Amino acid sequence: MFGTYCRLGVPVWSTDREVIRAARRLLSATARGGRALRAERHAFFRQMLEFHHCEQELVREYRL
């Protein structure tokens, strides 16, 4: 799933909202609108945000 985060193409200094918008564009139309897939969709967004926060921590730690 980290590869999916890398394909989002968002810079490290992007906000959480920008990450979610980019992740939403990767989802198919059926995955975006279906009520049955809501839990999986939210889990996907949470995982993308977790990867984003880890990247931000790395930048802060090493002052890149």
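**Tyr5 and its surroundings**

I'll start with Tyr5, which has 6% relative accessibility and so counts as buried, the cut-off being under 20%. The rings of Tyr5 and Phe51 have their centres 6.3 Å apart, with 45° between the planes, so this pair is classed as tilted. Tyr5 sits in helix H1, while Phe51 sits in helix H4, residues 38-62, so the pair ties together parts that are 46 residues apart in sequence. Phe51, like Tyr5, is buried. Please keep in mind that this is a predicted model.

Now the other partner of Tyr5. By the ring-centre rule, the count comes to four aromatic pairs. One of them joins Phe2 and Tyr5: the centres are 5.9 Å apart, the angle between the planes is 35°, and the pair is tilted. Both of these residues belong to helix H1, residues 2-8, where they are three residues apart, about one turn of the helix. Is Phe2 buried or exposed? Neither, in fact: its relative accessibility is 38%, so Phe2 counts as partly exposed, between the limits of 20% and 50%. Taken together, Phe2, Tyr5 and Phe51 make up one aromatic cluster.

Next, contacts. Which residues does Tyr5 touch, once those up to four places away in sequence are set aside? They are Val10, Met48, Phe51, His52 and Glu55. Phe51 we have already met as the ring partner in H4.

On to the core. The largest nonpolar core has 13 residues. Those with the most contacts inside it are Tyr5, Leu8, Val10, Val19, Ala23, Phe44 and Met48. Helices H1, H2 and H4 are the elements that give two or more residues to this core. Of the elements, which gives the most? That is H4, with five residues. Two names in the core list, Val10 and Met48, also appear among the contacts of Tyr5.

Last, a residue in H2. Glu18 lies in this helix, which covers residues 16-26. At 38% relative accessibility, Glu18 is put in the partly exposed class because the value falls between 20% and 50%. For Glu18 and Arg35, the separation is 17 residues in sequence, and the C-alpha to C-alpha distance is 23 Å.

To go back to where I began: Tyr5 is buried, it pairs with Phe2 within H1, and it pairs with Phe51 in H4. Tyr5 is also one of the residues with the most contacts inside the largest nonpolar core.

Methods:
Residues are numbered from 1 along each chain as its sequence is written. This is a predicted model: local features need pLDDT of at least 70, side-chain atom pairs count only at pLDDT 80 or more; totals for chains, interfaces and linings use all residues. Side-chain values use heavy atoms; hydrogens and water are left out. Helices (H or I, at least four residues) and strands (E, at least two) are DSSP runs, numbered from the N terminus. Buried means under 20% relative accessible area, exposed over 50%, partly exposed in between (1.4 Å probe, protein chains only). Rings of Phe, Tyr and Trp (its six-membered ring) pair if their centres lie within 6.5 Å; planes under 30 degrees apart count as stacked, over 60 as edge-to-face and the rest as tilted. A nonpolar core is a set of buried Ala, Val, Leu, Ile, Met, Phe, Trp, Tyr and Cys residues joined through side-chain atoms within 4.5 Å. Contact means heavy atoms within 4.5 Å.
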